[in-house]
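Biologist: Show me the model, and let me test the labels put on it.

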Amino acid sequence: MADPLKLFILAGEPSGDRIAADLVRRLRERSDLALVGVGGQELTAEGLASIYPMSDLAVMGIRDVILRLPLLFWRISQTARAIRAADPDIVVLVDAQEFSERVAKSLRKSGWTKPIILFVAPSVWARHPERAARIKPLFNEVLAVLPFEPAAMRRLGGPPTSYVGHPALKEAGRYAGGHKVALLPGSRAGELRRHMPLLRSVAEMLGGRFGIEEFFIPTLPIHAERLKAEVATWSVPVRIAPDRNERRELYQQSMFAICTSGTATLEIALAGVPMIIPYVMEGAQAAFYERAGRPNVGLPNIILDASVAPELILPAVLPSPVLAAAEAILGDPDKQTAQREAYALLRRMMEEGLPDAPREDPADRVLSHIQKRLA
């Protein structure tokens, strides 16, 4: 392209920020780039001046959403206005599903005809399958990070969908042996509030057993000081690891992980580390989970369609079942081996894609829409 590609990109939470930053780096290898949009630390490092704080969109749970509804509706309107004013060549909305759908809908209603890409598919295979057809008029393409999602979107009548891999593939090293235990409480404020007391209780009961030499908590830099202060009162020493390179090295030396549901479960699995997946749900979340038939919530289990890592969905901070699940794996080498073998299969699936949806480069998919408009 003779002129810089003008990209509006939006990420609503830290995992989306990483995905968006990776896309920006890939696009810069192929084209000059002018950035407008919303993002966090990762996109800021790539030169984006966010039009408002990404943290305004990072909500989890019914209560958090209700409390922030006025702000969210204002941000939807503000984002759509900013896109129309900037007039980018293409819009890429990363995750933040409800928010992204409403922004796209506002743009289409105003007559916007340029490409809008949704990066990270909504979980139509798990709930609200009717949503696939509903978003078809809104997005020119969906870029999926799970290999089975293109087939699910086709089956449900959604937009064209391509599998482009997951950033966790770059994050995770490969297990090299060690005696560390990773504790992953989540990245949102509500998750930290619910899970840190749980992890404290379990870590203090596991300390000095099963050859464990160190506990560590991978986290975002914005949470590092708060978590350092919190773990200073624990009876076992815990390292706080906000640096991604450090985190990758620690995963390679980890014998076990206690990991709440989310992208972190996939990073742990791709590193080949046995784990359990506890999650303390709010009341509304728990009610939906029960109505849905108690489906798998950990990404490795969902992708493999098997209960590889034990999941413990809890109504409150209940250390006893989590401790028992941890002891069952830490005390059984066969269970550890079974998880590692399953995660090796998972890694191959994620690296290659599936026969009907081989892995593609997300930058190539984005640029293909620009090329169509220029043709």
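Modeller: What follows takes a helix and some salt bridges in turn.

Modeller: This is a predicted model, so local features need pLDDT of at least 70 and side-chain atom pairs pLDDT 80 or more, while totals for chains, interfaces and linings use all residues. Residues are numbered from 1 along each chain as its sequence is written, and side-chain values use heavy atoms, without hydrogens and water.

Biologist: What span does helix α5 have, and what is expected?

Modeller: Helix α5 (residues 97–109) reaches 18 Å from its first C-alpha to its last. The expected span is 1.5 Å times one less than the number of residues. With 13 residues, 18 Å is expected, and α5 comes close to that.

Biologist: Why is Glu 101 called buried or exposed?

Modeller: Buried means under 20% relative accessible area, exposed over 50%, partly exposed in between (1.4 Å probe, protein chains only). Glu 101 has 8%, so Glu 101 is buried.

Biologist: What makes Arg 131 and Glu 101 a salt bridge?

Modeller: The rule asks for a side-chain nitrogen of Lys or Arg within 4 Å of a carboxyl oxygen of Asp or Glu. Arg 131 and Glu 101 meet at 2.9 Å, N to O, so the pair qualifies. Arg 131 lies in helix α6 and Glu 101 in helix α5, so the pair ties together parts 30 residues apart in sequence.

Biologist: How do you know that Glu 225 and Lys 228 pair?

Modeller: Their side chains meet at 3.7 Å, N to O, so the rule is satisfied. They are three residues apart in helix α10 (residues 221–231), about one helical turn. Glu 225 is exposed at 57%, whereas Lys 228 is partly exposed at 40%.

Key: Helices (H or I, at least four residues) and strands (E, at least two) are DSSP runs, numbered from the N terminus.
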